[in-house]
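Visitor: I have just opened this one and would like somebody to walk me through it. Can we take it piece by piece?

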Amino acid sequence: MVFLSSKRIILAPVDISTDLLKGEIVRKLKIIFQREVVIEKKRLNIDNFYDPVREQYNSTEILKYFIFNHPAEPDEKVCLIVPYDLFIPILTFVFGEAHLNGNYSIVSIYRLKESFYGKECNEALLKKRLLKEIVHELGHTFGLTHCIDNKCVMFNSYNVNDTDAKFEYFCDSCFEKLDKVL
Ligand SMILES: [Zn+2]
Ligand SMILES: [Zn+2]
């Protein structure tokens, strides 16, 4: 699939192998968002975002850092993919966060891995979950808010079972909203 527009999605792994994103995830994102999807590794001094009391990383501060220091082009939507456990102050953890109607979003694979729950590694399941969380956070960057339909990708996952129960696609109502801005 070749897109002529300059609109694109940048998947930006930080301390994560690009192999996780290549293939299926890139291919599906192209179809869902109808634009070019590229992988660009990013560097980040993650220690600056560590909260020693919570033993987690502040996703809001990471997003702010990128928005101010590495502003994206207006046509670009960037999704940082990190291996760190993320939080925002009012929640115990987050799978990801996004700048609503902005250019930057972030997703963590930390709690998407079966090993976090004491189970055996399952790369296929990890990729499925990761795709859903990437689509969800990118949806926010396109202005979508949370959806009450628990099968819709814009449903807010409170735990990994919620992520497993939803699809990587938008419900009709969310798709209509998205379609207007794509
Ligand atoms: Zn959300
Ligand atoms: Zn929806």
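Visitor: How do β5 and β8 pair, parallel or antiparallel?

Guide: They pair in the parallel sense, over 5 bridges, and within that pairing Ile81 stands opposite Val107 in β8. Please keep in mind throughout that this is a predicted model.

Visitor: And which way does β1 run against β5?

Guide: β1 and β5 run parallel as well, joined by 6 bridges. Ile10 stands opposite Val78 in β5, and Ala12 stands opposite Leu80 in the same strand, β5.

Visitor: What is the whole strand order of that sheet?

Guide: The sheet is open and has 5 strands in the order β2-β1-β5-β8-β7, with mixed pairing. Its edge strands are β2, residues 36–39, and β7, each of which pairs on one side only. From one strand to the next, the twist averages 15°.

Visitor: Is β5 mostly buried or exposed?

Guide: Buried: 6 of its 7 residues are buried, so β5 is largely enclosed by the rest of the structure.

Visitor: Which helices pack on this sheet, then?

Guide: α1 packs on it, touching β1 and β2, and the direction of α1 makes about 150° with that of β2. α2 lies across β5, β7 and β8, and runs at about 140° to β8.

Visitor: Let me stay with α2. Which of its residues are buried?

Guide: In α2, which covers residues 59–69, the buried ones are Ser59, Ile62, Leu63 and Phe66. They cover an arc of only 100° around the axis, which puts them on the same side of the helix. As a general point, an α-helix has 3.6 residues a turn, so residues three or four places apart point the same way.

Visitor: What sits on the face turned away from that buried side?

Guide: That face carries the exposed residues Phe68 and Asn69.

Visitor: And what covers the buried residues?

Guide: The cover includes β4 (56–58), β5 (76–82), β6 (86–87), β7 (96–98) and β8 (104–108).

Visitor: β4 and β6 were not in the sheet order you gave me. Where do they belong?

Guide: They belong to an open sheet of 3 strands, in the order β3-β4-β6 and again with mixed pairing. There β3 (50–51) and β6 stand at the edges with a single partner strand each, so one side of each is left without a neighbour in the sheet. β3 and β4 run antiparallel and are joined by 2 bridges, and the bridge partner of Tyr50 is Tyr57 in β4.

Visitor: How does α2 lie relative to that sheet?

Guide: α2 lies across β4 and β6, running at about 45° to β4.

Visitor: Changing topic: which residues are at the heart of the largest nonpolar core, going by how many other members they touch?

Guide: That core has 42 residues, and those touching the most other members are Cys79, Leu80, Ile81, Ile134 and Met154. At least two residues of the core come from each of β1, α1, α2, β5, β6, β8 and α3, the last of which spans 123–141.

Visitor: What does Ile134 touch?

Guide: Leaving aside residues up to four places away in sequence, Ile134 touches Ile25, Leu29, Cys79 and Val107.

Visitor: Anything unusual in the loops? Which residues there have a positive phi without being glycine?

Guide: Asp15 is one of them, with a phi near 60°, and Asn101 is another, at about 65°. In general, most residues other than glycine have a negative phi. Asp15 lies in the loop between β1 (8–13) and α1 (24–33), while Asn101 lies in the loop between β7 and β8.

Visitor: Are those two buried or exposed?

Guide: Asp15 is partly exposed, with 13 other C-beta atoms within 10 Å, whereas Asn101 is exposed, with 11 other C-beta atoms within 10 Å.

Visitor: Last thing, the overall picture. How many helices and strands are there?

Guide: The protein has 5 helices and 8 strands, and from the N terminus on its elements run β-α-β-β-β-α-β-β-β-β-α-α-α. Its radius of gyration is 15 Å, close to the 16 Å that the globule rule gives for 182 residues, so the protein is as compact as a globular protein of that length. Along its principal axes, the C-alpha trace spans about 45 × 35 × 30 Å.

Visitor: And how much of the protein is buried?

Guide: Buried residues make up 35% of the 182 residues.

Note on methods: Residues numbered from 1 in each chain as written. Chains lettered and ligands numbered in written order. Predicted model: local features only at pLDDT ≥ 70, side-chain atom pairs only at ≥ 80, totals over all residues. Buried ≥ 20, exposed ≤ 12 C-beta atoms within 10 Å, placed from the backbone. Helix = DSSP H or I, 4+ residues; strand = E, 2+ residues; numbered from the N terminus. Arc of directions from axis to C-beta. Contact = placed C-beta atoms within 7 Å. Rg over C-alpha atoms; globule rule 2.2 N^0.38 Å. Pairing = 2+ DSSP bridges. Axes fitted to C-alpha atoms, helices over the stretch in contact; angles between N-to-C directions. Core = buried A, V, L, I, M, F, W, Y, C linked by C-beta atoms within 7 Å.
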